[in-house]
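This report covers a sheet with the helices that lie across it, and then the internal cavities. The structure comes first.

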Amino acid sequence: MVQNETTAGQTLLTEINFDGIVGPSHNYAGLSLGNIASASHKGDPSYPRAAALQGVAKMRGNLARLGVQGFLLPLPRPNVLLENVLALDGTEAPPLRAAPWSASSMWTANAATVSPAPDTADGRCHLTVANLVTMLHRAQEWPDTLRQLEIAFSDTRHFAVHGPVPPTFGDEGAANHMRLCEGHGNAGVEVFVYGKPGGRFPARQHEQAFRLIRRSHGLDPDKCVFIEQNPAAIEAGAFHNDVVAVANERVLFTHEEAFADQQGSYDAIRSAFPALEVVEVPSSAVSLEEAIRTYLFNAQLLTLPDGSMALIVPEECRESTSVWNWCEGMMASNGPIREVIPVDVRQSMANGGGPACLRLRVVCDPATVDPRFLLDEAKADRIEQVIARTWPEQIDPADLSSDNLAADVIAARAALLAALDLSELG
């Protein structure tokens, strides 16, 4: 059953994970500069059907654990509007040709930044869609993402959905945002992690983007902490903070090299949230490179109905001797994270996205969400049936100029929208 928490206003609040369903154009074109996994698999064949089914299996697991699970739909691909803007005629470089096909909206952690109602001045949950301007293949996403958010969270008594911050300021959403609290339904402290430009790879999250969001969401400045990500982590391939750190309730699970000033970051958070409990993985146990390769921190840190915490990690973590040894030691200790659960999201991992990338966390009353975006077992069956019937089994990057593939991808997405009574997103 759903684990609800009661706020002072007697509204039942719980954390809902909204996972992005992997789209039928899922491919490995290697478009993301600074994403080591994406670059290393550039040109490989992808398996969209397997990728999407892996994602649904992960959602089913969390639905069973938590009693509530949401989802967002693949965006329209190929993006004809972007194709027209780029004036594609077959003479362009392959990355330009591939951009309109990108299925990276499946990494829903980049969809928006979310501030729950207990944190905001007007007592509503605020969502600001991310502009994702640093990368062309992602900058095209926000208009269609915004349409979904406006439908899913259309009850303006409980939600305020904002358009993107100005493109001068790069914003990559919840992948760089954490929240600490005594319970999801309680007021919390929001932590905004940004990068500074000038390194070998782009720092995708700008500090001023988050400061603008803080103001537009009506957050108390004393309950907000702004932290610089470690430039060395960005250089190593941690293009988002959620590759090296994740928070849940009172716990911050982090690598020793996540932040530019590690101890200063802990002190700044504790000044706003004294109950902070840090679980730090030292570099001597798991190197920064191994943490990024296995996506140990790109995990879902969940509060289970009995109050204990579980960490949902990629299967790659269990296959790494150093990572799994550390996880087993952590589980044997008396720490707050009592269970580590590996899941198979290999198709997403090969493009640089683990369990945390695939979901957006929204604290709200499930009854206030458009029910079409909430999963149950029957709906999961329906989604799997459409995927098995219509998603391409394999895509090679060379296929992305194929008219036949375009028709198949468009038809597959339309079939899913129809099955979920969301054809208005077509």
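Strands, as named here, are DSSP runs of E of at least two residues, numbered from the N terminus. The model is predicted.

**Cavity linings**

With strands defined in that way, the lining of the largest cavity can be described by element. Strand 7 (177-181), strand 10 (245-248) and strand 16 (359-364) each supply at least two residues of this lining. Strand 16 gives the largest share, 5 residues.

A search of the whole structure finds 7 cavities of 30 Å³ or more. The volume of the largest cavity is about 330 Å³, and 23 residues line this cavity. Closest to its centre are E15, H177, M178, R179 and R361. By class, the lining of the largest cavity divides into 13 nonpolar, 4 polar and 6 charged residues.

The second largest cavity holds about 200 Å³ of space. Its lining is made up of 22 residues, and those closest to the centre are S102, S104, W107, H137 and N351. In this lining, 7 residues are nonpolar, 13 are polar and 2 are charged.

The two linings are set out by class below.

| Cavity | Nonpolar | Polar | Charged |
|---|---|---|---|
| Largest cavity | 13 residues | 4 residues | 6 residues |
| Second largest cavity | 7 residues | 13 residues | 2 residues |

**The sheet of strands 4, 5 and 6**

In what order do the 3 strands of the open sheet lie? The order is 4-5-6, and the pairing is mixed. Strand 4 (112-115) and strand 6 (159-162) are the edge strands, each pairing on one side only. On average, neighbouring strands of this sheet are turned by 15° against each other, with direction ignored.

Strand 5 (residues 125-129) and strand 6 run parallel and are joined by 4 bridges. Across from H126 stands A160, in strand 6.

**Helices across the sheet**

Helix 6 (residues 142-152) lies across strand 4, strand 5 and strand 6. Its direction is at about 160° to strand 5. Helix 7 (residues 207-216) also lies across strand 4, strand 5 and strand 6, running at about 145° to strand 5.

To locate these features in the structure shown above, begin with H126 and A160, which stand opposite each other, and then find helix 6 at residues 142-152 and helix 7 at residues 207-216. For the largest cavity, E15, H177, M178, R179 and R361 mark the residues closest to the centre; for the second largest cavity, S102, S104, W107, H137 and N351 do so.

Definitions and conventions:
Residues are numbered from 1 along each chain as its sequence is written. This is a predicted model: local features need pLDDT of at least 70, side-chain atom pairs count only at pLDDT 80 or more; totals for chains, interfaces and linings use all residues. Side-chain values use heavy atoms; hydrogens and water are left out. Two strands pair if DSSP finds at least two bridges between them. Axes are lines fitted to C-alpha atoms, for helices over the stretch in contact, and angles run from 0 to 180 degrees between N-to-C directions. Contact means heavy atoms within 4.5 Å. On a 1 Å grid over the protein atoms alone, a cavity is a set of points where a 1.4 Å probe fits but cannot get out, and a pocket is an open set with protein on both sides within 12 Å along at least five of seven lines; lining residues have an atom within 4 Å of a point. Grid points are joined across faces, edges and corners, and a volume is the space filled by probe spheres set on the points. Ala, Val, Leu, Ile, Met, Phe, Trp, Tyr, Cys and Pro count as nonpolar, Asp, Glu, Lys and Arg as charged, and the others, Gly among them, as polar.
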